Amino acid sequence: MRLTCPLCGARDRREFTYQGEAVALSRPDPDAGPEAWNTYLHLRENPAGWRDELWYHEQGCAAWLVVTRHTTTHEVRKVQLARDVAKAEGTA
Amino acid sequence: MRLSKGGLIERAKPLTFTFDGHRYQGYAGDTLASALLANGQRVMGRSFKYHRPRGPLTAGPEEPNALVTLGHGPTQEPNLRATTLELFDGLAARSQNRWPSLDFDLLAANDLLAPFLGAGFYYKTFMWPRAFWEKLYEPAIRRAAGLGALSGQANETRYEKAFAHCDLLIIGAGPAGLMAALEAGRAGADVILADEDALMGGRLNSETLSIDDTPAHAWAAHTVAELASMPNVRLMPRTTITGAYDHGTYSAVERVSMHLAAPNDAPREAFWRINAERAILATGALERPIAFANNDRPGIMLASALRSYVNRYAVVPGRAVAIFGNNDDAHRTAADLLDKGVHIAALIDSRPDATCTLPVRFIPGAQVAHATGRKSLEAITIATQSGTDRLQCDVLAVSGGWNPTLHLTSHMGARPRWDAKTAAFLPAPDAIPGLIPAGAVTGRFSTHAALEAGLTAARDALSVLGLKHAQTDLPTAEDAPYAITPLWAVPASGMGKGRAWLDFANDVTVKDVKLASSEGYKSVEHMKRYTTQGMAPDQGKNSNIGALAILADATGRSIPETGTTTYRAPYAPTTLAAMGAGGQGKGFAPERLTTSHAATLKAGAPTVEAGLWHRPSYFPRPGETHWRQSCDREVAMVRSHVGITDVSTLGKIDIKGRDTGAFLDFVYTNMFSTLKPGRVRYGLMLREDGHVLDDGTTACLAPGHYVMTTTTAAAGPVMRHLEFVAQALRPDLDVALTSVTEQWAQFAIAGPRSTDLLNTLLDDAVTDEGFPFMACGPVAIKGTPARLFRISFSGERAYELAVPARYGAALFDLLKARAEAMQGGAYGMEALNVLRIEKGLLTHAELHGRTTAFDLGMQGMMSKKKDFIGKTASERPGLMAPDRERLIGLRPTGAVKQLLAGAHLFDRDAEATRMNDQGYITSACFSPTLGHAIALGFLVRGPDRIGEEIRMVDHLRGVETTCEVVAPQFFDPDGGRARD
Ligand SMILES: [Zn+2]
């Protein structure tokens, strides 16, 4: 498997560390309530299909990435810097 | 018998080799199998279960019978296929799975027990009594049934792993692959052409075909020579592509030096990962046998294999050859043999309407029903419409049609589809993204079709790659149609005794498959597991389709209804040594060494592993015979004089930026934005779920510049966490993180005389006023800049001194010498651990991932003035409940004075059962300072139970005592020794 880091280019997946669904980007407010925090901490969709997930280019540039991957075919549609995604969400 | 001329062997290069100790001669270009056949040795193995004598069925990598062992001792390598082992001078092979010898195998008695050893016999015969399975049945079965053995010794042979990248990977160098490589190579693409054979050309080297009016093998050689001259083409002979993976990744095994008499430094095999933009699958097809009674007798082989032996190796493995087939390849075989002057006893074609123009005895509409002869074929029984006929022959070539070698197309989950016209499975469309099947693997079996498909596939790939076509001309070649009438197994009725073999390698017969079906194993997956069909080293390459067809027939379904088998990687048997190349010893666990490592070893200190780091346990002095003596002395040394130890393994993270204070406030529970330059603060870090991630100190070196220390164990995870917070949660903050663990060597100088020692080194002396507890700042040692931190992990007045790593070794030597001159010295991990337990300081024994700040008695460090990672979750009621297991200290009160980490805690009078569990010990040691054992642990409502006597039980080590619950700070609880 290969991932194309926006900063480094196409690299072997062994350079990356996987970190689950990208919901971790959407941190609730401290007073959002137990439901929101429970969802954020523990609930993941685990779809058989497209999913945004977090990968860390640990053996490369140390960028956190949001990878849009199909969980059954492993096709990768998009790789973005988590920083860019987080900034865009912050301004939305 | 070797033909006097012809073949692609090098007659000028005779080679000597041995098989089971007997000396033989062959030629360069031979395989072990072809050379043995040339010497009249046709039995090359004994079968898996019944120990029937077997000869080669094939001439290639799919061989199920002729498996041999090479080498002795650690280098012993079993289950190598004689049909692919290239002959070299001095090769010494041994047969397997026989006792005492290949010729006389006592275990062949199993063949007589066949009625008891059919499908599923493991499950039926040895069910009772249960205890017999482990002690009697399994060892006996293992001895009798099996393959070659490993030596059990560590193998020091060199293997290698390697990576390659290309525009176009072409898998297989037969006509389709060569044609594709020629076009793509000429077009300038970066091409890798891989073939499992040493000699590229595929079937062109085994057939008597012509391409552009030259012999096909000569065309192949000419084409390979042109490809070899292209700098953009990499030829990889002896390389099997074993797997297809995501995003154009392919695994491959190259036999780098297995074929060399003197490999010297070359690795035996290399495991490749090849990344290809595009790939062409030109793997061709494998011929399949037809099942009939005793079809496993030595001398019976595939027709294509016989043509390989005759045409490529110039070997005729007998005197009278019969040929049996259900398609035209049987006729091609007859023509080739006639051309070499070999006597053909008969050509038997199961198709009633078949015709033949060759001058041979031709029997259409007939089937070979039975074979006789044990160690060698002697005769066959032919069943025709009018009756049976017995025919003397010592070789029988069988052609049951061709199975496309489509295994790789299944590796990502696609299922092959059945094609009735060719009576074969064909690759599913788009099975592997970017992989184009071409040639015989798509069910187009003529040479013309292969060349044309190779050319077309190359052009398709070039278009995708954005390269111009090279306009290579399509050579002329035969384009014979493929006409086949499926025949899987000759009906057994009336043909006398004898089993019909499907899976030669695992001894599975037609009857076994039918038995599985009648016992309810009607799914192909169940049948496989029940009969073990397809589970031998050939992975069912010779038997999967036949077994499936017979199962379909037995269950009254069509083949597509019955299904197919899922081919999984690796395509061919692969040594673990190749796949794991570089992963043994230090390749498996690399060593991280501190700059003081050499001095540590020189001082005679044993080392202990901390993650990948190697750290000193203790520094023994003359007369000390037990580690405790050294440890106790080192603790006392630090408490009364001065000790030094290397703390470079702690994670060090350099943090810079305008918003560093706000960032640290967000990742630590306590405030850091208030920390002034020149000051250090202890911090606690939580995970977002409210549990403790790590602790450590962070020093403010200058405005906007901090250096954080993490525990040795958590250095990597903390760095990952901080980067996540900085990039994904707080991209608004200006902060940059750099790991500097390797860049700085850092030493603790601990003890009442630490300031005195330090001031013998520093260019400018430090004072308590200028450098109080928790101060930090730049210092210099003989002009070399260093960083000094007044922090303590021992409870004593202490410093940590950091220098650029290149000065580490020199500084350690200097510190050690100065300390020894002051009744001190170096101390190791044992003493370091005792010192911190005496002070109740924490490591990952306590911060084990399930403890909260509340559990550790650190709830006061959770700031109420700000948000931080883990704050909301840590306030969940369950994480603040008074009856949680919370940190306490323990000291023994009973007759047994020992406390053990891992032991569990119970109420004094309670039974030591799981239901009564009240907590556990995380760290324990003997305290030389206090003169008794001490321990840290977690106890239900712990801090409320100070003074209570409880029970400690270590069920594992059988130790039990009573102990008193005390505060976790055993020594100098108010911290005056470090501070004042
Ligand atoms: Zn990167």
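How many residue pairs are in polar contact between chain A and chain B, counting pairs with both residues at pLDDT 80 or more? This question opens the exercises below, which concern a predicted model.

**Exercise 1. Describe the contact between chain A and chain B.**

Solution.

Step 1. Begin with the polar contacts: eleven residue pairs join chain A to chain B in this way, both residues being at pLDDT 80 or more.

Step 2. Locate the elements on the chain A side. At least two residues of the side that touches chain B come from each of α1 (34-42), β4 (50-56) and α2 (82-91) of chain A.

Step 3. Classify the residues of that side. In chain A, 15 are nonpolar, four are polar and seven are charged.

Step 4. Set out the extent of the contact. Chain A contributes 26 residues and chain B contributes 27 residues. The two chains bury about 2300 Å² between them, and carbon and sulfur atoms account for 53% of this area.

Step 5. Count the salt bridges. Three are found between chain A and chain B.

**Exercise 2. Examine the salt bridge between R720(B) and E58(A), and assign each residue to an accessibility class.**

Solution.

Step 1. Establish the distance. The side chains of R720(B) and E58(A) form a salt bridge with an N to O distance of 3.1 Å.

Step 2. Place the partners. This pair crosses between chains: R720(B) belongs to helix α17 (residues 715-729) of chain B, while E58(A) lies in the loop between β4 and β5 (64-70) of chain A.

Step 3. Apply the cut-offs. Partly exposed residues fall between the buried class, under 20% relative accessible area, and the exposed class, over 50%. R720(B) has a relative accessibility of 24% and is therefore partly exposed. E58(A), at 26%, likewise counts as partly exposed.

**Exercise 3. Compare the settings of two salt bridges that lie within single chains, and identify a network.**

Solution.

Step 1. Take the pair in chain A. D12(A) and R14(A) meet through their side chains in a salt bridge of 2.6 Å, N to O. With a relative accessible area of 11%, D12(A) is buried, whereas R14(A) is partly exposed at 41%.

Step 2. Take the pair in chain B. D349(B) and R351(B) form a salt bridge in which the closest N and O atoms are 2.9 Å apart. Both D349(B) and R351(B) are buried.

Step 3. Identify the network. R203(B), E207(B), R307(B), D329(B), R332(B) and E478(B) are joined into one network by salt bridges that share partners.

Step 4. Give the total. Over all chains, the whole structure contains 53 salt bridges.

**Exercise 4. Relate the annotated domains of chain B to their helix and strand content.**

Solution.

Step 1. Consider residues 497-582 of chain B, to which an unreviewed UniProt entry assigns "domain: SoxA A3". This span is 43% helix and 6% strand, and its end C-alpha atoms lie 53 Å apart.

Step 2. Consider residues 597-866 of chain B, which UniProt annotates as "domain: GCVT N-terminal" (unreviewed entry). Here the chain is 27% helix and 28% strand, with 43 Å between the end C-alpha atoms.

Step 3. Consider residues 886-972 of chain B, where the UniProt annotation reads "domain: Aminomethyltransferase C-terminal" (unreviewed entry). The span is 0% helix and 49% strand, and the end C-alpha atoms are 21 Å apart.

Methods:
Residues numbered from 1 in each chain as written. Chains lettered and ligands numbered in written order. Predicted model: local features only at pLDDT ≥ 70, side-chain atom pairs only at ≥ 80, totals over all residues. Heavy atoms only, no water. Contact = heavy atoms within 4.5 Å. Buried area = accessible area lost by both parts, 1.4 Å probe. Salt bridge = Lys/Arg side-chain N within 4 Å of Asp/Glu carboxyl O. Polar contact = N/O pair within 3.5 Å; in protein donor to acceptor, adjacent residues only side chain to side chain. Helix = DSSP H or I, 4+ residues; strand = E, 2+ residues; numbered from the N terminus. Nonpolar A, V, L, I, M, F, W, Y, C, P; charged D, E, K, R; others polar. UniProt positions renumbered as here; feature names shortened; annotations may be inferred. Buried < 20%, exposed > 50% of the residue type's maximum accessible area, 1.4 Å probe, protein only.
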